[in-house]
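Colleague: I have a model open and would like a close look at a single part of it. Please take me through the side chain contacts there, then step outward.

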Amino acid sequence: HGRVAMAGFVGYIVHANDIRFPWDKVAMAAPKGLSPQELWDVTPEAAKWQIILTIAFLEFWRENSYILSKEGEQHYMRGGK
């Protein structure tokens, strides 16, 4: 959860300061001068779901006890690292 929070914070700072990569056509297509909240509001619905479902899948994968047992690990709440 810490890495996701850090990535979210960095993303917020990048958008708040209107930092863009010149080769990223999607970022260059977004209106300039918007706050991070306004930028989220103008993001297409499909893109929002793609972000949310990707994060949900990654969280599910790393928290799944079956996957952890196959990797020889335990969940951190059950004595794992």
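Where does R20 lie, and between which helices is its loop?

Modeller: A caution to begin with: this is a predicted model. R20 sits in a loop, with α1 (2-16) on one side and α2 (25-29) on the other. Take its side chain. One polar contact goes to the side chain of D18, at 3.1 Å. The R20 side chain also reaches backbone: the oxygen of P31 is 2.9 Å away. P31 appears again in the wider contact list. Setting aside neighbours within four places in sequence, R20 is in contact with A27, M28, A30, P31 and K32.

Now step outward to K48, another basic residue. K48 belongs to helix α4, residues 45-63. K48 is buried, yet it has no salt bridge. The nearest side chain of opposite charge is that of E45, 4.4 Å away. A salt bridge needs a side-chain nitrogen within 4 Å of a carboxyl oxygen, so the E45 pair does not count. Leaving out residues up to four places away in sequence, K48 touches W40, D41 and T43.

W40 and D41 fall within helix α3, which spans residues 36-42. Q37 is found in that helix too. Its relative accessibility is 44%, so Q37 counts as partly exposed. One distance gives a sense of the spacing here. Q37 and L58 are 21 residues apart along the chain, and their C-alpha atoms are separated by 24 Å. L58 falls within the residue range of α4.

Methods: Residues numbered from 1 in each chain as written. Predicted model: local features only at pLDDT ≥ 70, side-chain atom pairs only at ≥ 80, totals over all residues. Heavy atoms only, no water. Helix = DSSP H or I, 4+ residues; strand = E, 2+ residues; numbered from the N terminus. Buried < 20%, exposed > 50% of the residue type's maximum accessible area, 1.4 Å probe, protein only. Contact = heavy atoms within 4.5 Å. Polar contact = N/O pair within 3.5 Å; in protein donor to acceptor, adjacent residues only side chain to side chain.
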